[in-house]
Amino acid sequence: MSAQSPTMMTEPTPGRRRSKPGSQTALRARNQQRLLEALLTGGPQTQAELSRTTGLSNATVSNIVREMSQAQLVNTEPTTSSGRRALSVRLNDTGAVAAGIDIGRRHVRVVLATLGYQILEEASISLPLGHTADEGMDAAGELFNRVLADAGVERHRVLGAGVGIPGPIDRRTGTVVRGAILPEWVGVNMREDLAARLRVPVFFDNDANLGALAQVTWGPHGGCENLIFVKVASGIGAGLVINGSLFYGHVGVTGEIGHATISDHGLVCRCGNRGCLETVASTSTMIDLLSRTAAEPVSTADIMRQAAAGDPATLRVVDDAGMAVGRAVAGIANTLNPEVIVVGGSLTGLGDTFLDPIRRGLIRHAVPLIGETTTVTMSSLGDRAEALGAASLVLAQAGAVL
């Protein structure tokens with residue numbers, strides 16, 4: 001799978017023999033580069049998947065993989081795909097790494113990943129509620145330095161850092177725009193401000209987009225061409241994979257389903273509208289509702305614990321939230337007809353307790369055939385999805401420079 005991204009220009013590698021355009025050597029080099037980019041962008045894949053991703057014939061892929069394996073560029077191992085024996089292809093570790101950074105309302109998480117999509121090191125820390133952009137970026141920089149040190153990785157080996165935040169980003173200017181769950185970050189240009197702290201190239205995106213990217217790279221949906229990732233946390237957003245690529249729309253602000261109107265007479269949302277999905281189904285709303293009758297403030301962990309214990313009030317709040325999410329997602333599903341809807345965020349531990357009402361909401365409000373044929377599942381990546389997607393964002397760029 002590939003994410004739409006800026007083209008990175010590179011100089012020819014010194015000492016590498018240049019082939020005449022149209023020659024067999026040049027064609028073989030271009031085909032090998034296509035396989036490299038496919039592996040960097042989509043992670044380990046079977047030869048059949050590489051054939052579909054690159055458009056190359058099975059025989060061509062098999063020959064190139066054999067050559068790359070002999071050159072120790074890739075490693076192959078037997079696997080099964082759709083019940084049949086297959087050969088999985090993974091890039092070998094060259095020492096280069098990608099960093100993924102997820103900055104949330106209350107946390108920062110950093111992961112380091114190899115070109116073969118293996119995690120070298122990861123860590124997370126808490127942030128104070130309402131932290132400023134400078135505080136968040138300082139914390140991200142300090143944690144990044146600590147993870148590098150713990151992994152024994154020198155900074156020059158880092159290809160770049162992908163960074164995700166919970167809010168819309170104007171891709172024309174690289175700035176966080178109004179509507180973010182982190183209002184203190186509005187107007188901040190992370191490309192400049194965070195790069196100065198990390199001292200590596202920075203690529204950034206909305207956290208829901210990165211969650212979607214993680215599902216088709218690190219997750220089990222590598223062969224999925226059309227996917228919706230819904231992150232339910234303090235805010236609610238969706239990342240859209242259409243025809244194998246992240247979809248950004250006109251200026252980059254897509255998937256803001258947290259501000260889809262659920263009730264014309266509902267509560268006023270932070271965006272200024274009334275009755276938005278976030279006022280009904282976000283974890284902040286659930287916490288507020290359940291804390292009203294509790295002796296102490298309720299946490300997200302309490303919601304999962306109480307739901308598992310069968311607490312009626314908790315189950316009702318979770319069910320109402322799930323139905324609302326399903327209704328909002330149905331509108332997108334009716335438009336895009338996705339193969340799968342993946343639910344992520346801080347409530348993934350609820351499993352079917354949260355998924356069942358989402359499915360009911362989807363079936364009730366979607367076109368019948370779409371409701372019947374769309375798979376709704378929980379993300380297997382948990383709270384790591386956004387950071388892993390951020391690392392994938394860097395790996396997707398790396399194909400242009402290797």
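**Thr-254, two cores and an antiparallel sheet in a predicted model**

The side chain of Thr-254 comes to 3.3 Å from the backbone oxygen of Phe-247, a polar contact in the sense of a pair of N or O atoms within 3.5 Å, where within protein one must be able to donate a hydrogen and the other to accept it, and where residues adjacent in sequence count only if both atoms are side-chain atoms. The structure is a predicted model, in which local features need pLDDT of at least 70 and side-chain atom pairs count only at pLDDT 80 or more, while totals for chains, interfaces and linings use all residues. Residues are numbered from 1 along each chain as its sequence is written, and side-chain values use heavy atoms, with hydrogens and water left out.

Thr-254 lies in the loop between strand E13 (245-246) and helix H7 (278-281); helices (H or I, at least four residues) and strands (E, at least two) are DSSP runs numbered from the N terminus. Its relative accessible area of 12% makes Thr-254 buried, given that buried means under 20%, exposed over 50% and partly exposed in between (1.4 Å probe, protein chains only). Not counting residues up to four places away in sequence, Thr-254 touches Asn-209, Ala-238, Phe-247, Tyr-248 and Gly-249, where contact means heavy atoms within 4.5 Å.

On the scale of the whole protein chain, there are 13 helices and 15 strands, and 52% of the 402 residues count as buried. The radius of gyration is 22 Å, which agrees with the value near 21 Å for a compact globule of 402 residues; this quantity is taken over C-alpha atoms, and the globule rule is 2.2 Å times the number of residues to the power 0.38. Along the principal axes, the C-alpha atoms fill a box of roughly 70 × 50 × 40 Å. The average pLDDT (the predictor's confidence in each residue, from 0 to 100) is 86, and 91% of the residues score at least 70. Over residues 1-22, however, pLDDT is below 50, and this stretch has 33 contacts in the model beyond near neighbours in sequence.

Turning to the interior, the largest nonpolar core (buried Ala, Val, Leu, Ile, Met, Phe, Trp, Tyr and Cys residues joined through side-chain atoms within 4.5 Å) has 44 residues, of which Leu-35, Leu-50, Leu-91, Trp-218 and Leu-227 touch the most other members. Among the elements that each supply at least two residues are helix H1 (24-42), strand E3 (84-91) and helix H13 (385-398). Helix H13 gives the most, with eight residues. Leaving aside neighbours within four places in sequence, Leu-35 is in contact with Thr-54, Leu-56, Val-61, Ile-64, Val-65 and Met-68. A second, separate core of 38 residues includes Val-329, Ile-341, Leu-355 and Ile-370.

Three strands form an open antiparallel sheet in the order E1-E3-E2, where two strands pair if DSSP finds at least two bridges between them. Strand E1 (45-46) and strand E2 (74-81) each have a single partner strand, so one side of each is left without a neighbour in the sheet. Eight bridges join E2 and E3; Asn-75 is the bridge partner of Arg-90 in E3, and Thr-79 stands opposite Ala-86. In the E2 and E3 hairpin, with two residues between the strands, Ser-82 takes a positive phi near 55°.

Strands E5 and E6 (residues 119-126) run antiparallel and are joined by seven bridges, with Ala-113 paired to Ile-119 in E6. Their hairpin has four residues between the strands, and Tyr-117 in the turn has a positive phi of about 60°.
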